[in-house]
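Good morning, colleagues. Please look at the sequence and the structure on the screen while I go through a few selected places.

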Amino acid sequence: MKTAIFPRVAALLIVFPLMLFPSALLAQSVDSQAAAKSSGPVSVNLNGLDGLWVATSAGTLPEGSFVVGGGFVFGNGKFGPGGGYSTYAVPVTVTYAFTDRIEGGASAPVIMNVDPDVGATQSGFGDVNLSIKYSLQAETQTMPAYAVGARLKLGTASDANGLGTGDTDLGLFAALDQQIGGVHGYLNVEYALRGGSLENEVNYALGLKIPYTDSVDFTVELVDQGFITSEYNFGDILIGGASFEMAPSVNFGFAVGLGLNDNSSDFLLGGKLSFSL
């Protein structure tokens, strides 16, 4: 199933930069836009890096930036061992910018799985994710931003209870993004080296952030990447939501997702809150 992803990812890598390159024709200064963004609250993804819900930006936060976040994710669908499964997760994230080019993030969720077919409920700590990102190229009027990074998933969750795989995985990723006018586009591609008996795989996240007002953004993501729970939710998921600047240092977001194949949640609902300290 995963082998079919390679041509899709290759197409994204070719088409996405071509779509964004015309931003060189814009008269608006990208540097002034980035400065305005850094002065407001930060939205981090579920792995603790600056970004949307799953996708991370290719930029990094200003040196010394420290962000603490939390959220809630509910997924429901016909996947899992019993054919029907519901997942409730409360992830906690921490983000820190070591330099202007290096950003680190960590996430640790508490998870409860409910299988109505057998009347079973399992709960406990999920897999801990540690991420690092290095900015290769800041965004300019003629070039998008580029970054590379790594994501280490520790097998801290219980495999027997369906809260994770019980193995440690390493993901190596590249990120690209650029702003065209007010719309910001994101592309992430990750090669995951899976522990245990699971096969290595290529994952991706493609997203857009569309401003509505100075404090409200709409977001759309197409995701093929395991998140929160590491055993399921691997299929394509389309996620739409909004992000709100609630205060000078507080960002709130919510999202609704729809699964696009049999290996993903049929329905996803989530909310997250980030505090820039």
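T156 is partly exposed, because its relative accessibility is 45%; on this scale buried means under 20% relative accessible area, exposed means over 50%, and partly exposed is in between, with a 1.4 Å probe and protein chains only. What you see is a predicted model, in which local features need pLDDT of at least 70, side-chain atom pairs count only at pLDDT 80 or more, and totals for chains, interfaces and linings use all residues. Residues are numbered from 1 along each chain as its sequence is written, and side-chain values use heavy atoms, with hydrogens and water left out.

T156 sits in the loop between β6 (145-154) and β7 (169-180). The strands I name are DSSP runs of E with at least two residues, and helices are runs of H or I with at least four residues, numbered from the N terminus. Which residues does T156 contact, leaving aside its neighbours within four places in sequence? They are F125, G126, D127 and V128, where contact means heavy atoms within 4.5 Å. With V128 there is also a link to the backbone, as the side chain of T156 reaches the backbone nitrogen of V128 at 3.1 Å. The C-alpha atoms of T156 and G166 are 6.4 Å apart in space, although the two residues are ten apart in sequence.

D127, one of the contacts of T156, leads me to the salt bridges. The structure holds six of them, each defined as a side-chain nitrogen of Lys or Arg within 4 Å of a carboxyl oxygen of Asp or Glu. D127 and K153 meet through their side chains at 3.1 Å, N to O. Because K153 lies in strand β6 and D127 in the loop between β4 (120-125) and β5, this pair ties together parts that are 26 residues apart in sequence. Is K153 buried or exposed? K153 is buried, with a relative accessible area of 6%, and D127 is buried as well, at 1%.

A further salt bridge joins the side chains of R194 and D169, at 2.8 Å from N to O. R194 belongs to the loop between β8 (183-193) and β9 (201-211) and D169 to strand β7, so this bridge ties together parts 25 residues apart in sequence. R194 and D169 are both buried. Through shared partners, salt bridges join D127, K153, D169, R194 and E201 into one network.

E103 and K133 form another salt bridge, with their closest N and O atoms 3.7 Å apart. E103 is in strand β3 (residues 102-115) and K133 in strand β5 (residues 128-137), 30 residues apart, so the pair links distant parts of the chain. Both of these residues are buried. I now turn to S243, in strand β11 (residues 237-247). S243 counts as buried, at 10% relative accessibility. Its side chain makes a polar contact of 2.9 Å with the side chain of N251. A polar contact is a pair of N or O atoms within 3.5 Å; within protein, one must be able to donate a hydrogen and the other to accept it, and residues adjacent in sequence count only if both atoms are side-chain atoms. Not counting residues up to four places away in sequence, S243 touches S43, S215, V216, D217, N251, F252 and G253.

Next, the aromatic residues. How many aromatic pairs does the structure hold? There are six. Rings of Phe, Tyr and Trp (its six-membered ring) pair if their centres lie within 6.5 Å; planes under 30 degrees apart count as stacked, over 60 as edge-to-face, and the rest as tilted. F74 and Y88 form a tilted pair, 4.9 Å centre to centre with 45 degrees between the planes. This pair links distant parts of the chain, with F74 in strand β1 (residues 66-77) and Y88 in strand β2, 14 residues apart. F74 is buried, at 15% relative accessibility, whereas Y88 is partly exposed, at 31%. Y96 and F98 pair edge-to-face, at 5.1 Å centre to centre and 80 degrees between the planes. Together with F66, these two residues form one aromatic cluster. Y96 is partly exposed at 34%, and F98 is partly exposed at 45%.

Finally, the surface. F66, V94, Y96, F98, I132, M246, F252, F254, L273, F275 and L277 make a nonpolar surface patch of about 970 Å². Two or more residues of the patch come from each of β2 (85-97), β12 (250-259) and β13 (267-276). Patches are made of residues with over 30% relative accessible area and no salt bridge, like charges being joined within 9 Å and nonpolar side chains (Val, Leu, Ile, Met, Phe, Trp, Tyr) within 5 Å. Accessible areas come from the Shrake-Rupley method with a 1.4 Å probe, and for residues only the protein chains shown count as cover. One member of the patch, F254, is placed in strand β12 and is partly exposed, with a relative accessible area of 36%.
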